[in-house]
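Visitor: I would like a close look at one part of this protein, followed by a walk outward to whatever surrounds that part. Please take the time to connect the pieces.

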Amino acid sequence: MADRLEEAQLEKLKTSHTWVKIVLEIEATLEHRISDYEFVVDRWPDCRAMVVRAKPNDIKLKYLEPIVNLYATDNDALRGLLHNLDWSKGKRFECVASRLVPVLTEVIQLHRVPTLTLSDAVYLKVIQDTLKLRAVHEGCTLSSLGADRAALVNSVWPQRNGDVSEAYIKHLITSLPSTCLYNQEGELLGYALTYHYGCLGVLHVLEEHRRKGYGKVVMSHLALQHLQKKKEVFVMIQRVNTPSIKMHEGIGFEVFPDMSFDWIFCD
């Protein structure tokens, strides 16, 4: 379905940042950065609702299997698509626009599925004119992460899931831009990756090296790599994570006003 989206339809989705995640997933598929998703719509070509989900029997990255993304301008159309999901399997609804949460919650309750909601995440974006690039500290070296670091990254990633998430991390490292910072002795100080859909994340600075500005160096240089090819770059952060939001604002990222999203996990 993604390859049938006409440019005008994709541009229509882009008119509202509410659907950033959907747009990025479509672009990732069209650019062959990922091949594990299918795009299910209520009707074609003028769809009112869309569910982006893993292909049932043809998925290479198992980490993506439970992820579902939603788009809708019509609640009844979305409700119909949701009822057609296989609710016997766990699901992770990512970046659900606040106005879609009541419909999703209604369907989840009808199917009697236990849930955990992580509420109120925000989008931040940066463009080249606002990016505040931080200089690499004297004696330090900036480079890309190697695949041999996948196990280390996975071991401290909050969303880790054993070998399943390690394979996903390895895919990100080998397929998409990353940055990592080493000191003069060759010790890893911090790093950041690019998710398959283009958002920046997985930012981590080793605990003993924090509060030295390394996170800003790593993230600002990763943003610069992307801004050489695109107009804007995004990160997603839970609103309660004030230190991370302030750090990103310190290098030029801006919070989208009046927008919040939920992550809803279904067992």
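Visitor: Which residues are linked in a network of salt bridges?

Guide: Before the answer, one caution: the model is predicted, and what follows should be read in that light. The residues linked in a network of salt bridges are Lys21, Glu25, Arg92 and Glu94. Two of the contacts can be described through Lys21, which forms a salt bridge with Glu25 in which the closest N and O atoms are 2.7 Å apart, and which also forms a salt bridge with Glu94, where the closest N and O atoms are 3.2 Å apart. The pairing of Lys21 with Glu94 links distant parts of the chain, since Lys21 belongs to helix H2 while Glu94 belongs to strand E4 (residues 91-97), 73 residues apart. The pairing with Glu25, by contrast, stays inside helix H2, where Lys21 and Glu25 are 4 residues apart and therefore separated by about one helical turn. As general background, side chains of opposite charge can pair when their charged atoms come close.

The surroundings of these charges deserve attention as well. Lys21 and Glu25 are both buried, and Glu94, too, is buried. For helix H2 (residues 20-30) as a whole, 10 of the 11 residues are buried, so the helix is largely enclosed by the rest of the structure. The buried residues of H2 include the charged Lys21, Glu25 and Glu27, and also Val20, Ile22, Val23, Leu24, Ile26, Ala28 and Thr29. After H2 comes His32, which has a positive phi, near 60 degrees.

To set the network in context, a search of the whole structure finds 11 salt bridges. One of them joins the side chains of Arg43 and Asp46, with 3.6 Å from N to O. Here the setting is described in other terms, because Arg43 has a relative accessible area of 38% and is partly exposed, and Asp46, at 44% relative accessibility, likewise counts as partly exposed.

Charge also appears at the surface, where Glu185, Glu187, Glu207 and Glu208 gather in a patch of negative charge. Within this patch, Glu185 sits in the loop between strand E7 (179-182) and strand E8 (188-194), and because its relative accessibility is 67%, Glu185 counts as exposed.

Aromatic rings supply further links within the chain, and the count comes to 10 aromatic pairs. In one of these, Tyr63 and Tyr168 are stacked, with 4.6 Å centre to centre and 20 degrees between the planes. Tyr63 lies in the loop between strand E2 (49-54) and strand E3 (67-72), whereas Tyr168 lies in helix H6 (residues 162-175), so this pair ties together parts that are 105 residues apart in sequence. Tyr63 and Tyr168 are both buried.

A further pair, Tyr123 with Phe234, is edge-to-face, at 6.0 Å centre to centre and with 65 degrees between the planes. This pair, too, links distant parts of the chain, with Tyr123 in strand E5 (residues 115-127) and Phe234 in strand E10 (residues 232-238), 111 residues apart. Tyr123 counts as buried because its relative accessibility is 0%, and Phe234 is buried with a relative accessible area of 7%. Ring pairs bring Tyr123 and Phe234 into a cluster with Phe256 and Phe261.

Notes
Residues numbered from 1 in each chain as written. Predicted model: local features only at pLDDT ≥ 70, side-chain atom pairs only at ≥ 80, totals over all residues. Heavy atoms only, no water. Patch = residues over 30% accessible without salt bridge, like charges linked within 9 Å, V, L, I, M, F, W, Y side chains within 5 Å. Areas by Shrake-Rupley, 256 points an atom, 1.4 Å probe, with all protein chains shown as cover. Salt bridge = Lys/Arg side-chain N within 4 Å of Asp/Glu carboxyl O. Charge placed at Lys NZ, Arg CZ, Asp CG, Glu CD. Helix = DSSP H or I, 4+ residues; strand = E, 2+ residues; numbered from the N terminus. Buried < 20%, exposed > 50% of the residue type's maximum accessible area, 1.4 Å probe, protein only. Phe/Tyr/Trp six-rings, centres within 6.5 Å; stacked < 30°, edge-to-face > 60°.
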